[in-house]
Amino acid sequence: MLSKEIQLEVNKGAMLPLMEEFYTIQGEGFHTGTAAYFIRIGGCDVGCHWCDVKESWNAELHPPTGIDVIVSNASKYSETVVVTGGEPLMWDMTLLTQNLKGKGRKVHIETSGAYPLTGIWDWICLSPKKNKLPTQTVYDNAHELKVIIYNKHDFIFAEEQAEKVNGNAILFLQPEWSKKEEMTPLIVDYVMNNPKWRVSLQTHKYLNIP
Ligand SMILES: C[S@@+](CC[C@H](N)C(=O)[O-])C[C@H]1O[C@@H](n2cnc3c(N)ncnc32)[C@H](O)[C@@H]1O
Ligand SMILES: Nc1nc2[nH]cc(C(=O)O)c2c(=O)[nH]1
Ligand code: SF4
Ligand SMILES: [Mg+2]
């Protein structure tokens, strides 16, 4: 149990349950191949059975950390900071993003969109999940839509989500990692037949980097 004081700071978004932070190469989506500092915030209740960071789900396992500390670490490394999780939009992102922007950083988010949008973002990557569909604010503001393909039905889900997202969002299909041998060839065919979509791979896993 957190003390009352710390709980109040977390509620305001002045402290956040920080799981890990690392400087790496963005492995996925539109900004693939570019250097970025990742901040992974604990806590997620969406429950994707194939999630590759299940250790993030229980926020209580990750210490509430002041955003001043998070921002000063992140600013040392990179022009671009990617906020991910867990599900970062479970927390109020206003103060974190204001402070990162104050340091002149470009601020990106990786989100399922399952909670309303908070924060000021230079780039929003929406990866919608069937278990807990995105809120309208995230559909309206996303810069990219990245749908994970675990089975053939996910192509239908992807088209449904493309109908809901704003018309400027760039559309990606990304194979679920454990199904990549089976799904990647289907994605390749699908994109050739439906060229509004692009392929996204988890390139950091091929490069053996975080
Ligand atoms: C771990 S999630 C954290 C951010 C947020 N909860 C979300 O789902 O967008 C980061 C990205 O990894 C993707 N992802 C998670 N597990 C994956 C897997 N096994 N294969 C492919 N992509 C995966 C998610 O869809 C999301 O785009
Ligand atoms: N290199 C690298 N790129 C990523 N893009 C999105 C990631 C995430 O887990 O949100 C991720 C990640 O975990 N590592
Ligand atoms: S929403 Fe993101 S963090 Fe949560 S279970 Fe799904 S992939 Fe994992
Ligand atoms: Mg990842």
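Which residue in S8 is the bridge partner of Ile-148? In the predicted model, the partner of Ile-148 in S8 is Gln-174. This pairing belongs to a set of six bridges through which S7 and strand S8 (residues 170-175) associate in the parallel sense.

Strand S7 also pairs with strand S6 (residues 123-126), again in parallel, through two bridges. Within this pairing, Leu-126 has Leu-145 of S7 as its bridge partner. The connection between S7 and S8 involves helix H5 (residues 153-164), and the three elements form a right-handed β-α-β unit.

The surroundings of S7 were examined next. Because six of the six residues of strand S7 (residues 144-149) are buried, the strand is largely enclosed by the rest of the structure. In a regular strand, side chains alternate between the two faces of the sheet. In S7, Glu-144, Lys-146 and Ile-148 point one way, whereas Leu-145, Val-147 and Ile-149 point the other way. The residues of both sets are buried.

Two ligand sites were also described. Ligand 2 is surrounded by Thr-24, Ile-25, Gln-26, Gly-27, Glu-28, Thr-84, Glu-110, His-204 and Pro-210. By class, this shell around ligand 2 comprises two nonpolar, five polar and two charged residues. The residues surrounding ligand 3 are Cys-44, Val-46, Gly-47, Cys-48, Cys-51, Val-53, Ser-56, Gly-85, Gly-86, Glu-87, Ser-112 and Lys-129. The shell around ligand 3 contains five nonpolar, five polar and two charged residues.

How values were computed
Residues are numbered from 1 along each chain as its sequence is written. Chains are lettered from A and ligands numbered from 1 in the order in which they are written. This is a predicted model: local features need pLDDT of at least 70, side-chain atom pairs count only at pLDDT 80 or more; totals for chains, interfaces and linings use all residues. A residue is near a molecule or strand if its C-beta atom, placed from the backbone, lies within 6 Å of it. Ala, Val, Leu, Ile, Met, Phe, Trp, Tyr, Cys and Pro count as nonpolar, Asp, Glu, Lys and Arg as charged, and the others, Gly among them, as polar. A residue is buried if 20 or more other C-beta atoms lie within 10 Å of its own, exposed if 12 or fewer, and partly exposed in between; C-beta atoms are placed from the backbone. Helices (H or I, at least four residues) and strands (E, at least two) are DSSP runs, numbered from the N terminus. Two strands pair if DSSP finds at least two bridges between them. A crossover is right-handed if, with the strands pointing away from the viewer, the path from the first strand over the helix to the second runs clockwise.
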